[in-house]
Amino acid sequence: MTKVHVTTTVNGDTVEFLADPRETLLDCLRDHMGLTGSKEGCGTGDCGACSVELDGTLVCSCLVLGVEAEGKTVSTIEGMANGSELHPLQRKFIEHAALQCGFCTPGILVAARKLLEVNPDPTEEETRYWLAGNLCRCTGYDKIIRAVLDAAAEMRQEVA
Amino acid sequence: MRYHSPTDFASASALAAGASGVTRFLSGGTDVLVQMRAGMVLPDDLIDLKKIPGVSDITQTAGGGWRIGVAVPGIVLGAHEGLKADWPGVVEGMNLVGSTQVQGRATLTGNLCNGSPAADSVPGLVAAGAVVEITGPTGVRTVAVEAIPAGPGKTTLAKGELISAIVLPARGDNAGDAYLRFIPRTEMDIAVVGCAVSLRLSGDTITEARVALGAVAPTVLLVSAAADAIIGTTLDDAALDALAAAASAAANPITDKRGTKEFRVEIAGVLAKRAAKIAFARAKGETA
């Protein structure tokens, strides 16, 4: 199997790796770059635990091949906090206890960050539909939705 | 598996025509990668189309229609005001496919070529009278969208052929379209029945119509009898009943875990009525 040399930008850093063309971007992030924050729940695009942004678009990294990342920009959960300062979404998830086992949390945070970027003042319904592709088997979702809406409110006040 | 990323459709076609093993074209990958993961399809040659110039573009044609590249994802269709204004039914059908994350990748062309009878974007394209441009070893040909599906997981594309663009006709005046599907939940599900209606009015009278049904036969159906039931009418109750009867009569579904044959036949008529009302209101310029 011929490996393909891939150059991409991950969380602002230029990264190079050799990918088997069958490997997903998720495989490459976890196994070649050591970025294990993105999780594999299903591997078939159903659960959202592997959510990342690819050139600014929210995608399941299990449904992208590593070789497709050539020349692109990838944002993962590892780039969310600013050093030791948590992103408001991360802080609100802790405050609202919006996680239990935590396996879905990185994907939900990445998805929620994108939601608040495109829609800083989402309704509860819009938030629930946006996050419909992020499955959580622990929380029942209510605390997650509350945390996202609370973070949105805080972020709007900061800008104002 | 060999990964190819050609930069024009003729090369993509030549690669597929010359391949001896299992070949797949890759655009959004939301079906292909799942099939690879499940071991259902293990391609020897995977041909990524996203390096071909123009595949991510939506452009207006000289005649006022729209040409949609094969790698345009649902989220881009949903954000395109001009396309949504002309063909809201086509866009809403595509936007029902999967999650926000899947919308970031999944494409109209992929939804069509995956060959699912329940593909949510296909009835809207069929009702709209959309055509596909096919690049093959002998050149380029154009065929109607409804001529592509050949049965579950199958298309009429020959070896070496691939879709190089989807083209929607000019919408024109006093016209509207709509797509509805039935699922037992609100989101993230596969259609039990889908129905798209596109129509044009003169005053309050329907002068043109196309009705398409999904998930009630081995392929998406274009139901001319259902269109005939409302052409020449003002979509009064009698016309709606005739439309529902024609849609139900055309439905030839199976019973599976998502719904029984009897249920699907009934719902085909119900959705046809509702979609026709929405298309009618849109043609009148009302927001529906």
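This passage describes the domain arrangement of chain B and the surroundings of one residue, B:Val131, in a predicted model.

The domain assignment divides chain B into two parts, with domain 1 comprising residues 2-116 together with 131-168, and domain 2 comprising residues 175-283. When the centres are taken over C-alpha atoms, domain 1 of chain B and domain 2 of chain B are separated by 25 Å. The contact between these domains involves 14 residues from domain 1 of chain B and 13 residues from domain 2 of chain B. On the side of domain 1 of chain B that touches domain 2 of chain B, the elements that give two or more residues are helix H5 (88-95) and strand E8 (149-151) of chain B, and the largest share, 5 residues, comes from H5(B). By residue class, this side of domain 1 of chain B consists of 7 nonpolar, 5 polar and 2 charged residues.

B:Val131 belongs to strand E6 of chain B, which spans residues 131-136, and residue 131 also begins the second segment, 131-168, of domain 1 of chain B. B:Val131 is classed as buried because its C-beta atom has 20 C-beta neighbours inside 10 Å, and a count of 20 or more is the criterion for that class. Leaving aside residues up to four places away in sequence, the contacts of B:Val131 are with B:Thr142, B:Val143, B:Ala144, B:Val145 and B:Val167. A further spatial relation links B:Val131 with B:Pro169, which lies 38 residues away along the chain, the C-alpha atoms of the two residues being separated by 8.2 Å.

Notes: Residues numbered from 1 in each chain as written. Chains lettered and ligands numbered in written order. Predicted model: local features only at pLDDT ≥ 70, side-chain atom pairs only at ≥ 80, totals over all residues. Helix = DSSP H or I, 4+ residues; strand = E, 2+ residues; numbered from the N terminus. Buried ≥ 20, exposed ≤ 12 C-beta atoms within 10 Å, placed from the backbone. Contact = placed C-beta atoms within 7 Å. Domains from an automatic or database assignment. Nonpolar A, V, L, I, M, F, W, Y, C, P; charged D, E, K, R; others polar.
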